[in-house]
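Visitor: Could you take me through the aromatic rings in this one? I'd like a close look at how they sit against each other.

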Amino acid sequence: MRTVRLTLQALLLCGFLRAQQQLLLPGSCNFELGTCGYTSDPEYSSWSMNEEGHLITVDSGVLYEQEQAVLVSPVLDHPDWSCVRLVYQITGRGSLQLYLRPDGDNFDYRLWTARKESDSWLIASVDLPNTTISYQILLEGRPERGFGNSVAIFEIHIVPGYCIECNFEEHHLCGYSNSWNPNVNWYVGGNVATGSGSNALSNRTSNHQRGHHMYVDSVYAKHFQEVAKLASPMTTVPMSGCLSFFYHRDQERGNMFTVFTRDQLGHYEEIWRPEVYATPGWTLVSVDVKAPHPLEVVFEVAFNSARGGYVAIDDISFSPEFCHTDTEPTVDPSVADCDFDDGLCLYYQERAESKVWSRVSVKPNAYSIGDHTSGTGWFLLANTRFASMPGYVSRLHGPFLPGNHKYCLRFYYLLHGFRKADNALIVYIYDENNVAQEKVWSLADTTRSVWTEVEITYVKPMLTKLVFVSICRNFWECGLVAIDDITVSLGDCQITAGSLPGQCNFESGVCGYFQEKKADKADWLRVRGHTPTSYTGPRGDHTTGVTSCTSRRHSCVRVTKPGC
C-alpha cells in the first residue's frame, strides 16, 4: 500500500474535472447521496455521515464501550482481479483496516491496515483477488480513546484490474506518487497540459482531446544526475507475471531511464532499461516480474543537464501470464522443507561413519519437551555423549536450490548441556562442488532448553544447498543439540506476504484479539518465559521459546476476533 496526500478541496474539484468517467464496479461509493448500501455492523459502534456529505466518520467520542466501528459493504460478485482505491484520513491516534469476508467462510481476511496519523487525505490501493465466491468488504475504524481522535473515509472506488495498472485518466492517478524534487518531477501530460514534453506528445490512450499520460522534462534540471521518481502503489499481494507499458523518449544530450521494483524494506531491483536513446513514437515494453512478495514499480529518470530531453509513460498494465516463453520456471524452495515426522525428507548426512544426527521422538513431560511441530512428533538430535567417538564434526546436507533468488530460511533448535555453544550448531551455504561459500549463522551463546526460532535471509548467484554443522571437540564440552521444522521460502524473512485470518504469535501484541470482559471471570495475559506456578504451562512460548500468552487462572475463557 502506498499513500498520496490530497486536500478535500482538491478531491472535490478533481472529481468534477475528470477527463473521462472511469469504470467503477459495484461497491464503489463517494458518500455524496448516501452510503451506497454500506451499513454499520450492529455488534459494534456506528459510522456517521458528515452533515455536509462527501465523507463518513467514526469518532472516539461516540464509541462508548466499544473499541471500533465496522462498515460492511453489500454482497459483491467480482470474479476477476479488482482494486480498491480508498481515500481516508486518520486524525490523532487510531487505525483503519480492510477485511475481506467470503460468503460462507468463518473468517475475515485482513488485506490492509493503516495507523499513521495525517493532517490530509491519503489514498490506499488494495488488490482484491479473483474469485468465484461472493464476498463483502469490511472497513474497521479504531480511533483510540481521547479527545480529537477519529477515522474518516472520503471515497471508495473499486476498479477492474490490478492496482499497479493505470492509464492516468483517474483524478488521483491510480495512487501513483511522485518523489518531490525541487527541479525535476513527473507531471500529468496531454493536449491540455503545458511544457515541452507534453506539447510534443499526443496522448496514447484516448482519442478525445483530454487524454493524459505522465512525463518528466529536463528543462528545469540544474545539477548533474537530477533524478525524478514515479512510484506505483505498493501491491498487497505477491506479483508474478507480465508488466507492460508504453513509453516515449527524447534524448538531446543525456537522460537515463530505468524501471525498478522496490519491496517493503526499500530494496530496489532493476527490471528494465531502454536500448535506444530516442523513440519516434509510443513504444510498447513488456517485462517479466517475479516477486514472491508485495512490491512497487518505480519509473526513474536521471538527467545530466537542462538539455537532457524528456521521458513519458502511459497505459501501465499487468497480466499473471509471463510475457516471454523462455522465462525461467517458478522456483519451488519448499523442497528444502522438513519437519522430520516422516523421515529425513531430502536431507542426508555426509558419511556413514560420522552419522551422529538421529531422528527421535520424545514424549513431553515436566522435565522434557517433545518436537516443535506438535509435541508428539519427530526431530533430529545430535548427542555425542552416547556416541563411540570422543568428538565429531557432523554435516547435515539439504537439497540444491537455484541461484539468483533471495531465500528465507527458518528453523527451530534446542540446546541442552553445552558448556561452549559457539560450535554446537552452525549453518553454511555450500555450492554444487561441496565447497562452503558462507557461514550464514552460528550460536552466539547458550540458551535454555526450549525451542528457539532462527530466521536467515540469503542470496547466492550459483546453485547452493544448506548444510547444518554440529562440532563437538570433547566429551565434557558437548551436550544435546536438536533441530526441527526447517522451511525455506522465496523473499526476505522480514517481509510478510500475508497471513491466515486469526494468525498470531503474540510477539508484537495480540493482533486484534480482545477479551470478553462481561461473560467470564478469568483473563488472558501476554507473558514472557514460564508460567508463574511450578509444573504448569510451558517453559517458554512455541515461537521462540521466550514469549507466550496464557490464562491467569488456567481456565478456559472465550477469546473473540473482530469480525468473526
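Visitor: Let's start with one ring: is Tyr176 buried or exposed?

Guide: Tyr176 is buried, with a relative accessible area of 3%. Bear in mind that this is a predicted model, averaging a pLDDT of 80 for the protein, with 76% of the residues at 70 or above. Tyr176 has a ring partner, Phe168: their centres are 5.5 Å apart and their planes meet at 70°, so we call the pair edge-to-face, the cut-off being over 60. Phe168 is buried too, at a relative accessible area of 1%.

That's one of 21 aromatic pairs found across the whole structure. Another is Phe411 with Phe468, with ring centres 5.1 Å apart and planes at 90°, so this pair is edge-to-face as well. Phe411 belongs to strand β25 (residues 405-416) and Phe468 to strand β29 (residues 464-472), so their pairing ties together parts 57 residues apart in sequence. Phe411 has 0% relative accessibility, so it counts as buried, and Phe468, also at 0%, is buried as well.

Those two don't stand alone: ring pairs link them with Phe340, Tyr347, Tyr413 and Trp441 into a cluster. For a ring with a charge over it, look at Trp378, where the charged end of Arg359 sits 4.3 Å from the ring centre.

A word of caution on two stretches: pLDDT stays under 50 over residues 192-200, which have 18 contacts beyond four places in sequence in the model. Residues 546-564 are also below 50, with 66 contacts beyond near neighbours in sequence. Where pLDDT is low, don't read the predicted coordinates in detail.

Methods
Residues numbered from 1 in each chain as written. Predicted model: local features only at pLDDT ≥ 70, side-chain atom pairs only at ≥ 80, totals over all residues. Heavy atoms only, no water. pLDDT = per-residue confidence, 0-100. Contact = heavy atoms within 4.5 Å. Phe/Tyr/Trp six-rings, centres within 6.5 Å; stacked < 30°, edge-to-face > 60°. Buried < 20%, exposed > 50% of the residue type's maximum accessible area, 1.4 Å probe, protein only. Helix = DSSP H or I, 4+ residues; strand = E, 2+ residues; numbered from the N terminus. Lys NZ or Arg CZ within 6 Å of the ring centre and 35° of its normal.
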